[in-house]
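Colleague: Pick one part of this model and take me through it slowly, please. Give me your cut-offs as you go, and tell me how that part sits in the rest of the chain.

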Amino acid sequence: MRTCWTTTESGATDRNRAGNPNGVRSSDGAGNRNGVGKRNDSESGRGGGTLPVPVSNETVRATYDRWASLYADTVARLEAPSKRRALDLLDPDPGTCVLDVGCGPGLTLGALAERVGAGGTIYALDAAPGMLADAADRVHRSGDAGRVSVLGGDARRLPFVAGSIDAVLAFDVLELFDRASLRAVLDEMRRVLAPGGVLCAVTMDRADVERSRFLRGYEWAYRHVPGFARVGCRPFDVPAAIRAAGFRIDTLERSRRMDVWPVVTVCCRPDGDDRIDPER
Ligand SMILES: C[S@@+](CC[C@H](N)C(=O)[O-])C[C@H]1O[C@@H](n2cnc3c(N)ncnc32)[C@H](O)[C@@H]1O
């Protein structure tokens, strides 16, 4: 089995083998080790009219925490086809180490575990305790606990050392962050990716927002319906942000969930990454 490495709170290196018997390992205790919690109003909405996230990330994750028990049976069902497509595009090799950032209730973990096989490792990271509990329960019931570790943590400070992850999945996650935080998340993903590593991101698409009634309605609700913006999720030109963060896009696919909800799936690698890992 491939061993991945995580950093401890003190920053020292710690070997964290897959097979965490407790299912959940939290690096943020009560959910806020990173001091995140101040309201963010730094985003002016520049950049193609992208809406700001008017609440803190702590509020966003508290929303998902409350929603955890319902999530898998509601929104996640609508996302299933794009999830399958993302997994096909990511297609991790047997024996590799995959990180699912913002894993939610862990709906990708069984398929990922199957693809990496007995010699592979999956890390599932989220910041909402309710989502983590659901994910850990799902992993336990599937019998994949030997190769899937569910971790509490913040995408802006990934608890892994540089170059330790072969593939990163970010499914419906990147569009939750304001511009500065998104850059921090992407920088972290770049940092933890091993030579030749891949990031697959699926996000709400904004490139064709002008033509999309759904998105205009969604953005109207996000602005005007009380409480709606607490989900944090708003359309953002994530491919542009991914390029700006120094990734080279290999695949970009646009699609519509239920024929109306535009999403974009991007597979990319750190730009100029010519490093060769002899173990791969
Ligand atoms: C829309 S859900 C997507 C869940 C999952 N990827 C899926 O598709 O089923 C977004 C997830 O991101 C998590 N999240 C929000 N902020 C986060 C952060 N700073 N670090 C890690 N996860 C975060 C939420 O708790 C939530 O589970």
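Modeller: Start with Met258, which is exposed because 8 other C-beta atoms lie within 10 Å of its own. By the rule used here, a residue is exposed with 12 or fewer other C-beta atoms within 10 Å of its own, buried with 20 or more, and partly exposed in between, with C-beta atoms placed from the backbone. Keep in mind that this is a predicted model, where local features need pLDDT of at least 70 and side-chain atom pairs count only at pLDDT 80 or more, while totals for chains, interfaces and linings use all residues. Residue numbers run from 1 along each chain as its sequence is written.

Met258 sits in the loop between strand 9 and strand 10. Helices (H or I, at least four residues) and strands (E, at least two) are DSSP runs numbered from the N terminus. Met258 also has an unusual-looking entry to check by eye: its phi is near 50°, a positive value in a residue other than glycine.

Asp91 is another residue to put beside it, with a positive phi near 40°, and again not a glycine. Asp91 lies in the loop between helix 2 and strand 4 (97-101), and it comes after helix 2. Asp91 is exposed, since 12 other C-beta atoms are within 10 Å.

That brings us to helix 2 itself (75-90), the part I'd look at most closely. Helix 2 is 16 residues long and spans 22 Å from first C-alpha to last, close to the 22 Å expected at 1.5 Å a residue; that expectation is 1.5 Å times one less than the number of residues. Still, helix 2 has a kink of about 45° centred on Pro81, where the bend is the angle between axes fitted to the seven residues ending there and the seven starting there.

Which residues of helix 2 are buried? They are Ser82, Ala86 and Leu90. The buried residues of helix 2 pack against strands 7, 8, 9 (247-257) and 10 (261-270), so Met258's loop joins two of the packing partners. Contact here means that two C-beta atoms, placed from the backbone, lie within 7 Å.

Strand 7 (165-171) holds Ile165, which is buried because it has 26 other C-beta atoms within 10 Å. Ile165 is 6.0 Å from Val98, C-alpha to C-alpha, although the two are 67 residues apart in sequence. Across the chain, 75% of contacts between residues at least 6 apart in sequence join residues at least 24 apart.

Strand 8 (193-204) gives the largest nonpolar core its largest share, 8 residues. That core has 65 residues, and Ala124, Val168, Leu169 and Leu199 touch the most other members. A nonpolar core is a set of buried Ala, Val, Leu, Ile, Met, Phe, Trp, Tyr and Cys residues joined through C-beta atoms within 7 Å.

Helix 2 has a ligand side to its story too: helix 1 (57-71) and helix 2 each supply at least two residues of the shell around the ligand. The shell has 22 residues, the closest being Tyr64, Gly102, Gly104, Ala128 and Ala155; a residue is near a molecule if its C-beta atom, placed from the backbone, lies within 6 Å of it.
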